[in-house]
Amino acid sequence: MILNQFLILAAVLFCIGVYGVLARRNGVLVLMSVELMLNAVNINLIAFSAYLRETAGEVFALFVITIAAAEVGVGLAIVLLIYRNLHSPDLDHVEQLKG
Amino acid sequence: MIVQNIFFWVLALAMVLGAIGVVRSQNVVHAALYLVVVMAGAAAQYILLAAEFVAWVQVIIYIGAVIILFLFGIMLTRAPMGGDTKLDNDQRWPAAVVSVFLAGVLGALLIDAFGKKEIVISGAKGEQLLQVGKAGHLADSIFTAYVVPFEVVSILLLAALVGAVVIARRD
Amino acid sequence: MGLVEKGVFGKKPLKPVTWLLNYSRKYSLWMFQWGLACCAIEMGAALASPRYDMMRLGVIPFPASPRQADLVVISGTVTDKMAPAIKRLYEQMPDPKYVISMGSCANCGGPYWDSYSVTKGVDQVIPVDIYIPGCPPRPEALLEAIVMLQERIQNEGLGNDELAQRWRGEHVVVDNAYMAARV
Amino acid sequence: MPHMTLALEIGWGTTLAIKTLLVLAIIPVGALILGYTFLLKMMSHMQSRLGPMDPGGFHGWFQLVGDGIKFLQKEDIMPAESDRRVFAMAPAIVVISTFLIFLVVPTGPRLVVKDLDVGVFYALAVSSLSVVGVLMAGWASANKFALIGALRAAAQLIAYELPLLLAVVGVVIQAGTMSLQGIVGAQVDGSIFGFSGLGNPFILTQFVGFFLFLIAAQAELTQTPFDMPVAESELVAGYMVEYTGFRFLFFFIGEFGTAFAFAALAATMYLGGWAIPGVTGGMADLLGPLVLFVKLMGVAFLMFWVRFTYPRLREDQLQAVAWKYLIPIGLLNIIVTAIIKVAV
Amino acid sequence: MTSTETPGFEVDPALYSNLAGSQVNVELDTGDMILNLGPQHPATHGTLRLVVRLDGERVVAADPVIGYMHRGYEKLSEFRTYPQITTLINRIDWLSSFANEVPFVHGAEQLMGIEAPPRAQWIRTILTELSRIATIYLFLGEMGLQVGALTPAFWGFRDRELVLNLIESATGGRFHPNFNRIGGLKDDLPWGWIAECRTTMDKILRGCDDFEDVLVGNEIFEARTRGIGIIPGELGAAYGVSGANLRASGIDWDLRRDGKPYLAYPELDFKVWTHSDGDSFARYWVRLQETREAVRMVIQLLDGLPAGPIMAKVPRIIKVPEGEVWVETENPLGQMGYYIVSKGATGPFRVKIRSASFSNVSILPWLLRGVYVPDVITIMGSLYFILGDIDR
Amino acid sequence: MADETPDTPDTPDASADDAVTDASAVAVEEVPAIDPAVAALFERFEAALGDGVVDHADSFGTLVVRVKPDAWKRAAEVARADLDCDYLSFISGIDWMPAPKPAGDEGGDTSAPVQPDTMTFGVTGSDGRLQVFAHVQSTTRHWGVTIKTDVADPAPTVDSWVSVYPGADWHERECWEMYGVDFSGHPKIRHLYLPGEFEGNPLRKDFALLAREVKPWPGLVDVEPMPGDDTEEGDS
């Protein structure tokens, strides 16, 4: 197995994630796309870890997973708040911050 | 190492299709289920890379908790049963352009930087790789070299927990 | 549709196969308890009281949802207000399904034959396999009805032509005449 | 190929087919045994009844077999408004999750599909997959009862994953490994105050952990007192409400198969698994499955005893139990275990 | 079964309207949801339909839809003769059939100016108390089922069977005895019945102890019932809640003691149990004590059973003189009363049947506001109603 | 036990007219031997309600009071406040019209009891065909009182008791459904027992039971002999 196959897979996933973040308007879906990107990063980390035969990458992957979980918790709370106040989970409606 | 490669490509294909499903599906719940495919595929890739412990952490945290949270959020925000056409905004084409462009740049960069560098999984080096993925090694490095980040992450988790509760609460 | 209707066992299943299929259906009657009135308590006694213990006969009273039920016991007075719900429940049950009408009220209106709000018999709404007279029938009568039903299930044919006529047999009434004939 | 990594080793094991078939057979058989012994017979006897007697002639042994064959003959209904693909997939996911647990349960010194380095952790990780199936079932049924049931199930399973893991950590610390085979080994090699004739089943030292595990497992299995997701008197049948025929059968098998798996896990971690004192080598391979089965039935008896006797908690009380009692106790257990482990 | 589209009912439209101003749960408002429990739902033992408006797991508003068991007793009674009516009213509260007959027969006797001989009165009292035991015993087990404990329900059925045996051997009817005659009873007690009754009463007492062990002392049961569904005594009375439900709210009122004297109750020594909490647990506890009290009363009655005839002199064709009478008794479920209007014919001109469960359940919309879904089941279980007694 | 009071042969109209002119005087005069406890209770009631009372009687130890329709709600308030009647037993109606079809003729219904053909009224009389009556009790004093009032025939309407006794809600819905009596002030009168599309008021005397019209008891079908013994027909 060459290193690049993992890296390019990760890159593709990352870009799909980027597309999702940009094109989706439902808050939950945006969060999911962010998860896609985080996963891509994780694949990179693990691939490098395997390439270098070092634990560092795996340790960082664990940290990323942890932080992703925290992020989803807070993110969903925010989406819930948006839904509660605007009666829609769509982020397009969040315009109060506009000057 | 043709066998691992076959596994890789099958998994990779499933993951990419799943990822496209996540961003293109017109049903929120389906999107979440596609995300499960991507997550499970990633876990399988980790196993392929001998990162066994991380793989199961991925399963337990992502599939066991994060996806459930997502489904929870979706059902609490009233997922419609049928397709919902209003899931996308009107930046679809610009977004596609951006991501394709990004993919091109990244791909070129990666090929240029790493070329055909191999991940060695046979022989003595392979043995070493297997050892790296073991929970014991991981634990050793987390609790020695990375103990400070570990503690910071713990505090972050706690803060996120409290934060989520505070945000979701309405007083 | 289930395996039989899909034709997994051929146009006419072999005799041992038919026997096994019928035997398992016969002893796995998951019963939805449509308890309506007084008879519901007697049905409860037949199920729960150790003296009758209908589970001995393979009647399982677990399903809380009609989707998992094979048998429904309509026990008690059916009112005009309730009738649509009963029809709906019957439609929710998957084939093959059986109905026992328990008690005079469910059979024909019983003591409320002249009431303005009571349906005179549940068979105006759904087809009934077995009628149990009595007001209310004793739990033993319900057990007898179950045994009757099991006999009927065991003797069902599963061939294609027979399936078309399945569950359109004669009604059975567990009354004195019937008992006299059996003894 | 000793250097090959995990996925491929499972993939290319020469005995793969046999092992898979065996494990596939264990699930329905285990479900059958538990269902018959406890659900039908033990429950009935506790209630002064006999339970099934007629089916099959001898004490109703045929009852659950008959149920299985019957469900195959039932009409397969999908509600009109349901999401058909998701609806159809959900039961399979639940059963797959059960199947995956069995891969790491050792039934003898050599009788194990794959003794993973992180076996315990793996078992708990894949057991959480079933939640996805439950949520899918609840959502796809297009039924309010099913949806509420599924949401309850998910909330509960997430909450109890934690105490379950914490309970297991005590064992892992004491054994010094996460491999189930290693845990059994540690119990065989252990000694009680210097007396090593019986080994050291961890139930003696991890008594608290054992009960935490049982309580949390009870919640994971959605059994009384934690059976709100399928609470019959409230939600009819919870997330299963719209399922008929063989799909329902899958859930049924999944439910009892998972109970079987958790009982096996508990027996392995706390009661010494396949080991009995004085039996080693080939004999242990021969007797192992039987020994494990006996121990497992003991654990299952406890679980079902509680199931048929206790009332059920309320949703908020359930969460309170997890967060206010089980998790602190679990943490305390870990601390105490760790201190003793380091000190001794 | 679970759909809103079942034809043939009317639901309070307020339930479906926007209740934006009255959100109960302010912490996690996730939008309201209408849930239909029934008409045939495992929890409603019978055919009560409950339409609840939910916010998450909390009930915002509840509207019981009754009438699925309405059989028109009051109308049918106008077309029946007095002896025929006793057959009919057996089936109002089908668990305590005998107790249903008593007030009606008593009313007819009052109108006719006759009185049943003492032995008949005492036997009536015994059978009333036995049917009280049979009724409440089922509740003691069923309540376990409502909160999820399977086994007690089966025990309830098991021991209730013993009481039914007694009733059957005395009256010939296991379920609906139809044993009362205007002016007395159909028959005397059979030989050996009294001894049999004593042994059964011992078993019932032991069964009560079992329930106490399994449920009352259970932490989960207490957590599920304590503080759930509190009925303030005064409000309960204004709603017409009666029987053990009212006594559990601290109102010390029992028609056997406080009403117009009937049957043999004035001569009995018994305690009226009350509880000050008014919650589901109190209702369970009071009923448990009442069962024991009923056993005590049966023993007293057996000890002091007078000899004599069991039937007064009554004309062959019963014609009741013109008049109106209101008779009320303390039935297992609460106050049962008949307002009989006679115009001198062989049948009554008008019978108003006041049944206990109807009023007991009418408090549900108030009681269910703001509780969790599982508590709905607990509360409905603890109120203990019989559908026939609600719908008549 | 008090004896019943079948006398009062005078026409109800006359007595009602009297009652309207001088209610309290007539009521006190008319009363025959009355239980002292019931009399005392009535005095309390009358003292509080004043001239709203039309008539009263002691029916087997229970006080029955007939009040003017416009005093109906006030009667409830008085009962609750001054008589400590905190407990609502029931509210219902009664239709004094004789059955439209006397039974027993032309091969018709033979089983139903024969009721008198003339319109007579109960213990406290009535103005017209329809009456609403209720029973309230005291859980502390252990007494009860039945309160009656007349309602107009074509468009019967009376004040609702819901604000006094919340439990009146369902009872009034039942009464509306069974007799067509409207309760003004009730939060929402709607069907209680019967399906929404049900027509008619079943408890009115002119509501015929269709089943009895179609097939009068014992019915014209041949009763098949039972197998085995030939039992006598049910004689009760």
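The exercises below, each with a worked solution, concern salt bridges, a strand and aromatic rings in a predicted model.

**Exercise 1. Determine which parts of chain D are linked by the salt bridge between Glu255(D) and Arg307(D), and classify each partner as buried, partly exposed or exposed.**

Solution.
Step 1. Consider the contact. The side chains of Glu255(D) and Arg307(D) form a salt bridge with an N to O distance of 3.3 Å. Such a bridge requires a distance within 4 Å, so the pair qualifies.
Step 2. Locate the partners. Glu255(D) belongs to helix α12 (residues 245–270) of chain D, while Arg307(D) belongs to helix α13 (residues 281–309) of chain D. The two residues are 52 residues apart, and their pair links distant parts of the chain.
Step 3. Classify the partners. Glu255(D) has a relative accessible area of 22% and is partly exposed. Arg307(D), at 15% relative accessibility, is buried, because buried means under 20%.

**Exercise 2. Describe the salt bridge between Glu222(E) and Arg226(E), and state how accessible its partners are.**

Solution.
Step 1. The closest N and O atoms of Glu222(E) and Arg226(E) are 3.1 Å apart, and the two residues form a salt bridge.
Step 2. Glu222(E) has a relative accessible area of 26%, and that of Arg226(E) is 36%. Glu222(E) is therefore partly exposed, and Arg226(E) is likewise partly exposed.

**Exercise 3. Establish how strand β2(F) is covered and how it is joined to β1(F) and β5(F).**

Solution.
Step 1. Examine the coverage. Six of the six residues of β2(F) are buried. In a regular strand the side chains alternate between the two faces of the sheet. On one side of β2(F) lie Thr62(F), Val64(F) and Arg66(F), on the other Leu63(F), Val65(F) and Val67(F), and all are buried.
Step 2. Examine the pairing with β1(F). Strand β1 (residues 53–59) of chain F pairs with β2(F) in the antiparallel sense over six bridges. Thr62(F) is the bridge partner of Ser59(F). The hairpin of these strands has two residues between them, and Phe60(F) takes a positive phi near 50°.
Step 3. Examine the pairing with β5(F). Here the sense is parallel, over five bridges. Thr146(F) in β5(F) is the bridge partner of Val64(F).
Step 4. Add the side-chain contact. Arg66(F) and Asp150(F) meet in a salt bridge at 2.7 Å, N to O. Arg66(F) lies in β2 (residues 62–67) of chain F and Asp150(F) in β5 (residues 144–151) of chain F, so the pair ties together parts 84 residues apart in sequence. Both Arg66(F) and Asp150(F) are buried.

**Exercise 4. Classify the ring pairs Phe102(D)–Phe260(D) and Tyr265(E)–Phe270(E) as stacked, tilted or edge-to-face.**

Solution.
Step 1. For Phe102(D) and Phe260(D), the ring centres are 6.1 Å apart and the planes stand at 40°, so the pair is tilted. Phe102(D) lies in helix α4 (residues 84–102) of chain D and Phe260(D) in helix α12 of chain D, so this pair ties together parts 158 residues apart in sequence. Both Phe102(D) and Phe260(D) are buried.
Step 2. For Tyr265(E) and Phe270(E), the centres are 6.2 Å apart and the planes stand at 65°, so the pair is edge-to-face. Tyr265(E) and Phe270(E) are both buried.

Conventions:
Residues are numbered from 1 along each chain as its sequence is written. Chains are lettered from A and ligands numbered from 1 in the order in which they are written. This is a predicted model: local features need pLDDT of at least 70, side-chain atom pairs count only at pLDDT 80 or more; totals for chains, interfaces and linings use all residues. Side-chain values use heavy atoms; hydrogens and water are left out. Helices (H or I, at least four residues) and strands (E, at least two) are DSSP runs, numbered from the N terminus. Buried means under 20% relative accessible area, exposed over 50%, partly exposed in between (1.4 Å probe, protein chains only). Two strands pair if DSSP finds at least two bridges between them. Rings of Phe, Tyr and Trp (its six-membered ring) pair if their centres lie within 6.5 Å; planes under 30 degrees apart count as stacked, over 60 as edge-to-face and the rest as tilted.
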